[in-house]
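Here is a friendly walk through one structure, written for someone who likes to think in contacts and distances. Please keep the viewer open as you read.

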Amino acid sequence: MIVHIKGGTPSQRKYAESITLFCIKKLMPRMRNLEITINIKRFGKDTACGYALPSDDADVTRPREFDIDVSRSLRLKPLLCTIAHEMVHVKQFARGELYQSSVTAKHRWQGKWIDKNPSYWDLPWEIEANGREVGLFVRWLGKEKLFAKSWAKEK
């Protein structure tokens, strides 16, 4: 597996790489051919905190190359939780659980096309990602023995 971190501060890059590798081991322990690029960059004011999508040249059905964009303006804890959230989406794409059509922008979840336009909070792939992000972050903190860091205690 290959992880590239671009942009951000040295501290953001260090912890981003660490939590990404941790998430790969927890979510996709047998996948050895993943290539993930995390871009820590400036976002517009009305933009989400992060995105994860298969790379342009990736196999659309079972991709192994991914781009994750994360807002560099986030404090460290929310930035790392966002990466954990986006890594759940990487797992969903890599295992074929989630597919996004580049032509229609529709999504297929667990083999079924989502026809309606449900609220973000009702999307099944977001329910999983939102439900797992904090648990992944807390387990990573424990593994790295970072609970005492002041940024780890922030709300």
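Glu-128 and Lys-91 form a salt bridge in this predicted model, with their closest N and O atoms 2.7 Å apart. Glu-128 sits in helix H3 and Lys-91 in helix H2, so the pair ties together parts that are 37 residues apart in sequence. Lys-91 also forms a salt bridge with Glu-97. How exposed are the two partners of that second pair? Lys-91 counts as buried because its relative accessibility is 4%, under the 20% cut-off. Glu-97 is buried too, with a relative accessible area of 15%.

These pairs belong to a wider arrangement: Lys-91, Glu-97, Glu-128 and Arg-132 are linked in a network of salt bridges. A search of the whole structure finds six salt bridges, including the three listed here.

| Salt bridge | Closest N and O atoms |
|---|---|
| Glu-128 and Lys-91 | 2.7 Å |
| Lys-91 and Glu-97 | 2.9 Å |
| Lys-143 and Glu-144 | 2.9 Å |

In the last pair of the table, Glu-144 is partly exposed, at 31% relative accessible area.

Lys-91 also leads us to the nonpolar interior, since it is among the residues that Met-28 touches. The others that Met-28 touches, leaving aside residues up to four places away in sequence, are Cys-23, Leu-34, Met-87, Val-90, Ala-94 and Arg-95. Met-28 is one of the residues with the most contacts inside the largest nonpolar core, together with Leu-80, Ile-83, Met-87, Trp-140 and Trp-151. That core has 43 residues. Which elements give two or more residues to this core? They are strands S1 (2-7), S2 (35-41) and S4 (65-71), along with helices H1 (10-27), H2 (76-94), H3 (124-144) and H4 (150-153). The largest share, 11 residues, comes from H2.

Helix H1 deserves a look of its own. With 18 residues at 1.5 Å a residue, H1 should span 26 Å, and its end C-alpha atoms are 26 Å apart, so the two values agree. Its buried residues include Gln-12, Tyr-15, Ala-16, Ser-18 and Ile-19, and further along the helix Thr-20, Phe-22, Cys-23, Ile-24 and Leu-27 are buried as well. Against what do the buried residues of H1 pack? They pack against S1, S2, H2, H3 and H4.

Now for the surface. Val-134, Val-138 and Phe-147 make a nonpolar surface patch of about 260 Å². Within it, Val-138 lies in helix H3 and is partly exposed, with a relative accessible area of 36%. Ser-150, in helix H4, counts as exposed at 58% relative accessibility. From Ser-150 to Ser-73 the C-alpha distance is 18 Å, while 77 residues separate the two in sequence.

Finally, a backbone check. Most residues other than glycine have a negative phi. Gln-110 has a positive phi, near 50 degrees; this residue lies in the loop between strand S6 (107-109) and strand S7 (112-113). Gln-110 is partly exposed, with 49% relative accessible area. Lys-145 likewise has a positive phi, near 55 degrees, and is found in the loop between H3 and H4. Is Lys-145 buried or exposed? Lys-145 is exposed, with a relative accessible area of 70%.

Conventions
Residues numbered from 1 in each chain as written. Predicted model: local features only at pLDDT ≥ 70, side-chain atom pairs only at ≥ 80, totals over all residues. Heavy atoms only, no water. Core = buried A, V, L, I, M, F, W, Y, C linked by side-chain atoms within 4.5 Å. Buried < 20%, exposed > 50% of the residue type's maximum accessible area, 1.4 Å probe, protein only. Helix = DSSP H or I, 4+ residues; strand = E, 2+ residues; numbered from the N terminus. Contact = heavy atoms within 4.5 Å. Patch = residues over 30% accessible without salt bridge, like charges linked within 9 Å, V, L, I, M, F, W, Y side chains within 5 Å. Areas by Shrake-Rupley, 256 points an atom, 1.4 Å probe, with all protein chains shown as cover. Salt bridge = Lys/Arg side-chain N within 4 Å of Asp/Glu carboxyl O. Expected span 1.5 Å × (residues − 1).
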